[in-house]
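Hi,

I'm passing this structure on to you, as promised. Please have a look at the model first; my notes follow below it.

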Amino acid sequence: MNKLNIYQYLLPIVFLSLLMGSFTTQQAQAQCSTVAESDSLVLVDFYNATNGVNWANNSGWLAAPVEQWFGISLTSDGCNVEEIEMNFNQLEGALIDLQLPQLKKLDVSQNMLSGSIIDFSNLPILTELNLGNNELSGTITDFSNLPNLKWLSLEYNNLSGAIPDFSNLPNLEVLHLFVNTLSDAIPNFSNLPNLIELRLSDNNLSGAIPDFSNLQNLTRIDFHQNNLSGSIPNFSNLPNLIELRLNNNALTGSISDFSNMPNLVRLMLFDNSLSGSIPDFSNLPNLEWLWLGRNNLSGTIPDFSSMPNLEWLYLDKNDLSGTIPDFSNLPNLGWLYLDDNDLSGKLPNFSNLPSLETLQVCPNNLQGGVPNFMFCPLLDLEAVDFSCVQSAQVTGYVFYDENGNCIKDENEKGIPNVFVYTDDEQFLTLTDEDGFYVLKTDIGSYTFTNYWQSDIWSLTCPTTPYSATFTSLTDSIGNLNYAYEPIVDCPQLNVNIGTPLLVRCFENIYTINYCNIGTVTAEDAFIELYFPDVIIPQSSSIPFVQEDDYLIFDIGDVGVLECGSFTLLDSISCAATLRSTVCVDAYAFPNDPCVSNPSWEGEDLQVKGECVGDSVRFTITNTGMDMSSPRPYRLYIDNILVATETYQLESGGSLVLSYEATGATYRLTVKQSLVHPSITTITEVVEGCGNIPFSFGLVNSQWDGDDNPLFDFDCQEIVGSYDPNDKIVFPSGVLEENRIPDFVDLNYRIRFQNTGNAVAYRVIIIDTIDVEQLYLPSLEVTAFSHDYNLVVEDSNVIFFTFDQILLPDSASNQAASQGFISYSLKQQADNKYDDLITNKAAIYFDYNVPIITNEVFNTVGLSEPDTIHTYTTPTPIYDLDMLVANVNYDRKQLSIQINQIQAGEQFSLQLFNLLGQEVDFIPNLSIPLHQKQLPQVQAGVYLYHIQSTKGRVAKGKVMIR
């Protein structure tokens with residue numbers, strides 16, 4: 001349909017709509033029919049010129065009365081268009097000259113309009129013009145015909161050329177021209193006395209900053225990211241100024257006097273070439289942001305104690321000297337940047353900065369150790385670099401001493417990632433890939449030790465612990481070496497396997513790491529992997545041979561203390577059940593034990609768990625010699641111990657245990673001889689067997705008892721949508737408190753994924769370890785997806801750095817965009833019942849702000865009795881107005897005692913399992929005591945909800961056994 005035909009079609013509709021809806025009286029209809037019709041036709045032209053058919057919202061346009069058209073407001077008499085507000089509406093095309101004499105506001109920002117800017121000469125009373133965030137180009141007109149204009153926004157376009165002085169706009173209050181390609185000098189705007197906001201940042205403006213002393217109403221000046229030069233003018237005649245941004249220019253000279261600007265809140269002068277000392281800002285009590293970094297400022301840091309509202313203080317990358325003040329009386333200071341200066345002396349503990357969240361102090365020339373910052377509860381120590389704090393130090397090697405001389409010779413192998421620390425564990429460090437370490441300490445006397453556990457290596461040097469006394473922070477002692485020699489000649493392969501996530505219907509990458517921690521070469525070594533049916537192997541970085549359900553990878557001869565890795569690409573079947581847990585097993589060969597206890601009689605037990613029809617079946621088989629004495633096994637259903645028995649098998653004998661499949665998760669743990677050479681406890685778990693609903697998510701909740709280095713497994717839940725950057729812990733623990741025994745190691749895995757739109761070149765993971773509960777020297781990296789560097793800072797912060805990781809974005813390669821690091825830590829020997837162990841980490845992609853993972857937690861205290869658990873009922877939790885109720889369940893009988901009963905009050909009870917499913921409902925309880933047999937309810941923890949007809953509620957937990 002051509003334009004003329006559109007008009008022929010629209011005019012009757014427009015005329016009829018105006019006749020019926022645009023006027024409230026017959027007199028108004030007679031007066032406005034011609035004028036309103038002309039305005040409506042202009043709007044039709046506007047609609048066609050900006051592709052109105054494809055607007056995000058074109059409600060009412062060309063169909064309803066004009067006052068119902070989206071974005072259109074009329075004058076009070078309904079005769080003319082007064083406002084057009086069409087921001088964020090997908091307008092595209094060029095602007096037209098709008099002949100709307102009563103238009104006061106035109107807002108078409110945040111669209112896709114192109115072409116040049118017209119002068120809008122037909123809008124004589126326009127007060128607000130917003131064309132920002134479009135694709136307009138060309139130069140800016142001076143809008144001489146818009147004398148009433150108060151607001152002009154042209155930001156985020158492609159405008160070029162010089163800025164007009166707008167001398168014919170005496171009423172202008174807001175001028176936004178930022179993020180364009182404007183050039184030349186900034187006019188002085190002397191004819192704009194009402195100007196309040198002036199934003200010209202992110203252009204190519206040059207020259208000096210004009211004198212704006214006659215613009216007394218200015219509250220905001222933003223000229224950052226230009227090419228402005230010269231000195232900073234005197235702004236003391238602008239008492240109303242709240243924000244001044246001149247950063248990222250080429251300004252020189254000293255910083256001006258801002259003492260007559262008491263309302264100033266934000267002052268940003270960083271990234272210039274300013275010199276001289278930092279002036280006195282004591283007359284700026286409202287200042288919140290002071291950014292002076294990346295200049296050539298010198299002298300000492302002044303006293304900022306008269307600025308109690310200061311939140312951001314950037315003094316980094318200057319030439320400041322002297323000591324760091326404690327910044328007294330700055331309770332709101334949250335971000336403090338002092339790095340890249342010539343500051344010296346001790347680092348204060350900042351006891352007066354309770355709001356401090358971010359601190360950067362290195363590089364500088366600091367000394368005297370790192371304070372504990374106990375008065376800064378919000379400070380993210382994971383992100384603080386303290387490497388420039390000078391300390392006394394000792395150096396040396398941890399290594400394989402082949403010739404027994406306690407000196408690391410050139411060809412002798414260093415042992416990486418071994419902790420060396422002071423006996424009080426106040427200072428500790430790790431050896432690098434060559435076995436070399438640098439341990440920094442404070443002034444004082446120390447005894448040193450190292451931590452490397454092995455049954456086949458012996459520490460031969462030193463014969464007595466090293467000790468030293470430091471009287472100066474410049475003291476340094478070298479060659480404190482820790483030499484190890486073999487006890488037996490035996491290869492011992494350590495294998496670990498891991499992957500970030502198992503996402504249904506997506507490809508996935510497993511990484512297999514191996515090391516020979518034995519004393520001789522592991523010859524003709526190979527690794528076997530077992531995959532369940534839902535994980536489909538695709539390809540690998542080294543060849544493999546498939547035999548039945550196993551993939552066999554030949555890794556050749558692996559030398560002493562030699563390590564390697566390979567990867568395997570797989571896909572997760574779309575038929576996999578969400579939330580179900582699947583396990584991949586890895587076995588290293590040769591696998592003959594290096595050390596055997598002479599009291600071991602040769603029995604060797606294996607356990608297989610499977611779902612067979614409507615039964616869960618466990619088979620215990622003795623593949624070794626006859627068992628000389630009974631051994632216990634324990635059966636858990638949904639983490640509740642329901643049976644414990646003993647058994648004794650002859651060589652080749654088996655015991656089959658079958659249980660009714662109910663959808664619960666069944667776990668069988670089997671005890672072997674305490675002197676078995678590789679494993680003393682075997683765990684097998686079966687989930688997803690029986691009737692829906694299944695109790696998923698419990699496979700990794702308990703310790704598996706396996707510490708055999710020749711075997712590893714990776715058990716993970718199949719997921720759909722997920723947070724790709726997170727942290728998990730194994731065992732996750734049982735009950736709501738995530739309880740674990742006090743003797744088990746905690747295994748952490750941090751998973752990360754590049755979800756950006758470009759390659760990530762570096763990933764850094766920072767984790768602060770709770771050394772009150774976890775023994776940091778026991779840290780062992782068990783699996784990892786990419787090569788990394790490990791550093792320990794401040795005695796409890798570990799840094800994993802993946803340099804040149806070249807992690808692709810998830811859109812281009814979903815499988816390769818992911819990575820992980822897994823590591824284990826032993827608990828402290830003095831951990832007590834109910835101690836809480838928490839952990840989270842920060843993940844940095846290149847130089848972006850960190851992603852903070854979820855926090856995982858465990859509670860210490862989970863007994864391992866020889867009989868079935870017995871429980872006392874947890875105390876119910878009540879709201880202030882709840883009734884008092886006692887709920888008990890024993891010997892298949894539910895007992896409910898209710899007190900404080902009101903006249904005529906009745907009660908109902910709902911019983912839920914931990915999946916939130918209702919397992920029983922009692923509509924009318926007998927009061928005050930109700931008892932009921934519930935033989936059909938399985939043992940476990942349940943939630944109850946008692947509802948009163950008077951509106952009162954009681955909730956709590958009950959253990960059914």
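Let me start with Arg739, which is buried at a relative accessible area of 10% (buried is under 20%, exposed over 50% and partly exposed in between, with a 1.4 Å probe and protein chains only). Please keep in mind that this is a predicted model: local features need pLDDT of at least 70 and side-chain atom pairs pLDDT 80 or more, while totals for chains, interfaces and linings use all residues. Numbering runs from 1 along each chain as its sequence is written, and side-chain values use heavy atoms, with hydrogens and water left out.

**Salt bridges**

Arg739 pairs with Asp834 through their side chains in a salt bridge of 2.4 Å, N to O (a side-chain nitrogen of Lys or Arg within 4 Å of a carboxyl oxygen of Asp or Glu). This bridge links distant parts of the chain, 95 residues apart: Arg739 belongs to strand S56 (residues 739-740), and Asp834 to the loop between strand S62 (818-827) and strand S63 (836-839). Strands here are DSSP runs of E with at least two residues, helices are runs of H or I with at least four, and both are numbered from the N terminus. Asp834 is partly exposed, with a relative accessible area of 45%.

Elsewhere, Arg220, Glu243, Arg245 and Arg266 are joined into one network by salt bridges that share partners. Within it, the side chains of Glu243 and Arg220 meet at 2.8 Å, N to O. Here too distant parts of the chain are linked, with Glu243 in strand S16 (residues 243-245) and Arg220 in strand S14, 23 residues apart. Glu243 has a relative accessible area of 2%, so it counts as buried.

Strand S14 also holds Asp222, whose salt-bridge partner Arg199 is in strand S12 (residues 197-199), 23 residues apart. Their closest N and O atoms are 3.9 Å apart, and both Asp222 and Arg199 are buried. In total, the structure holds 18 salt bridges.

**The protein as a whole**

There are two helices and 73 strands. Of the 961 residues, 49% count as buried. Among contacts (heavy atoms within 4.5 Å) with a separation of 6 or more, 54% come from residues 24 or more positions apart. The accessible surface is about 42,000 Å², and 48% of that belongs to carbon and sulfur atoms; areas come from the Shrake-Rupley method with a 1.4 Å probe, and for residues only the protein chains shown count as cover.

**Two buried threonines**

Thr859 sits in strand S66 (residues 856-860) and is buried, with a relative accessible area of 8%. Leaving aside neighbours within four places in sequence, its contacts include both Arg739 and Asp834, the pair you met above in a salt bridge. Thr669, in strand S52 (residues 666-671), counts as buried at 11% relative accessibility. Beyond four places in sequence, Thr669 touches Pro632, Tyr633, Arg634, Tyr636, Ile682 and Thr683.

**Surface patches**

Patches are made of residues with over 30% relative accessible area and no salt bridge, joining like charges within 9 Å or nonpolar side chains (Val, Leu, Ile, Met, Phe, Trp, Tyr) within 5 Å. For charge, Asp and Glu count as negative and Lys and Arg as positive, with His and the chain ends not counted; the place of a charge is NZ of Lys, CZ of Arg, CG of Asp or CD of Glu.

Glu523, Asp524, Asp554, Asp557 and Glu562 form a negative patch. Strand S41 (522-530) and strand S44 (550-558) each give two or more residues to that patch. Asp554, in strand S44, is exposed at 57%.

A nonpolar patch of about 280 Å² is made by Val759, Tyr761 and Leu806. Leu806 lies in strand S61 (residues 797-807) and is partly exposed at 46%.

**Backbone details**

Most residues other than glycine have a negative phi, and most peptide bonds are trans. Here are some exceptions to look at. Phe589 and Pro590 are joined by a cis peptide bond with omega about 5°, and Pro590 lies in the loop between strand S46 (581-589) and strand S47 (605-612). Ile692 and Pro693 also share a cis peptide bond, again with omega about 5°. Gln225 has a positive phi, near 60°, and is found in the loop between strand S14 (220-222) and strand S15 (227-230). Asn329 has a positive phi too, near 65°.

Best wishes
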